[in-house]
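Work through the exercises below with the model open. Try each task before reading its solution.

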Amino acid sequence: MSASPGLSRHIILCGLNELGFRILEELNRLGERVVVVAGRAGEDLVSKAQGLSGALIRGDYRDEAVLRAAGAKSAASLILTHDDDVGNLHAALAVQEINPRLRIVMRMFNPDLGRKVEALFRDCLVLDYSAIAAPAFVSAALHHDWEQRVEIAGRILVVREARADADDVLVPLARISGDDEDVELFPQAQGGGVLLCLADGGPSRRPEDVPQHGRQVSLRRDPRYMWARLLVVLRGLDRRLVRMMGLLLVLFAVSMLVFEFADNLNPIDAAYFTITIITTTGFGDINLLHAPTGLKLFAIGLMLVGATVLTIFYALITDAIVSARLERALGGVPENLHDHIVVCGLGNIGYRVVEQLAALGVPLVAAEKDEDGRFVPTVRNLHVPVLIDDARVPETLHALSIERARCLVMATSSDIVNLEAALNARSLNPDLRIVLRLFDPDFADRVERAFDIHISRSVAALAAPAFVAAALGRRVIAPLQAGPRLLLLAQAEV
């Protein structure tokens, strides 16, 4: 099918995947004229798209002839949704030769490459759909569904329940009544129901650590991050090692006091002498040659007990180091995990969720079925344990310490896998908070109600409005969830 010869100022949509179909739905709702270029799209999506789009062309979106047939010469925007960075760049370069003034909105996972690509074109915006959607998953895992947090220009904006006249409220967003179905956007302060507001959460991190224009800036220099990482390390220490360390400290403190008062040593000399006895160093500069018999017997006992405790302490340290190296090499999960987050599925969205949670210092563990998964080595480099197994199997969930976890994030690309694993996890931990990735927003809402799943998210539905807004000349900062409605926080010049 060819585009209408008289069609102009339309939008060309390349890619009829999940994201592409959601973008097509949004553009159709806005009354925009769209030409879809689809290659190996699923027949179900093709039949649905034909009912929404004025034209659908089957062919390679990188082919200049196909782009010309789609009306690239007179189009207003081109949206590239394929999960292929090189292919999208190829198509963008091809269409630039046809129409240099065309606005290009491109999906690309690598943000550093994306910023370089934007500089190659007159009007181009590169978006990573997983980075757009990931904050909603992270917020759902860490906070209540209506407490999403967004960082802008050094300040935190929070979507939460509040009174409209509260001092920190910037604007009421929505009033939700009934079973989250009746939504009134930007309501007046009067009236009942739950009132969601956009509130000022105060300053965030130092200016150099605040994400700007979609850039992911490291938080590792932030003292709060370092303290959180320290807490994670302390929680993961072997309890035997902690007990032995405590015993050593008690033995040292008691012995120091005995030598200080019984042998008339000053505190520094008493501490020094205690350490030389426990470690059996024996320099001889301080000795008990003329000390009372009781003090000599105490010193003999201290040598025996101290040497034994110290030997066990060194052995436990060696065991902890070797175990940690083996766990990292084999992707093992520590047995003493608790109050952690489990992320299953290390695709684009799963990796982004893990990346942001790890940057916040949250204890977490990941699971991936494919041993050769693209992001498995990268996640392990973030010091996050990765278990290679099927998340639907109860034994796998048990190995992930799901009984002691605070939240499960199912982020695989299969709706049925996500739902099955969530239900199995719920049977092992009835109080577990569950965040599901589902494709169909309507199905997600029904699953949330029917199975008492806390939060269901459609990545395509979260990201599609950002691509649409970019095609129409807006830069979206973050999607904000208001019950079943999705609002966009966008940047615009006034």
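## Exercise 1: a strand pair

Task: find the bridge partner of Val409 in β16.

Solution. Val409 has Val435 as its bridge partner in β16. Now place the pair. Strand β15 covers residues 407–410 and strand β16 covers residues 433–437; four bridges join them, and they run parallel. Strands here are DSSP runs of E with at least two residues, helices are runs of H or I with at least four, and both are numbered from the N terminus. Two strands pair if DSSP finds at least two bridges between them.

A note on the source: this is a predicted model, where local features need pLDDT of at least 70, side-chain atom pairs count only at pLDDT 80 or more, and totals for chains, interfaces and linings use all residues. Residues are numbered from 1 along each chain as its sequence is written, and side-chain values use heavy atoms, with hydrogens and water left out.

## Exercise 2: the sheet around that pair

Task: give the strand order of the open sheet that holds β15 and β16, then name its edge strands.

Solution. Step one: the order is β14-β13-β12-β15-β16-β17, six strands with parallel pairing. Step two: β14 (386–388) and β17 (455–457) are the edges, each pairing on one side only. Step three: the twist from one strand to the next averages 15°. Step four: helix α6 (residues 129–142) packs on this sheet and touches β12 (341–344), β15, β16 and β17. Contact means heavy atoms within 4.5 Å. The direction of α6 makes about 160° with that of β16. Axes are lines fitted to C-alpha atoms, for helices over the stretch in contact, and angles run from 0 to 180 degrees between N-to-C directions.

## Exercise 3: another open sheet

Task: trace the open sheet that contains β1, and find the helix that packs on it.

Solution. Its six strands run β3-β2-β1-β4-β5-β6, with parallel pairing. The edges are β3 (55–58) and β6 (124–127). Twist averages 15° from strand to strand. Helix α16 (residues 459–471) packs here, touching β1 (11–14), β4 (77–80), β5 (103–107) and β6. The direction of α16 makes about 160° with that of β5. Strand β2 (residues 34–38) pairs with β3 in the parallel sense over four bridges. In β3, Ile57 is the bridge partner of Val37.
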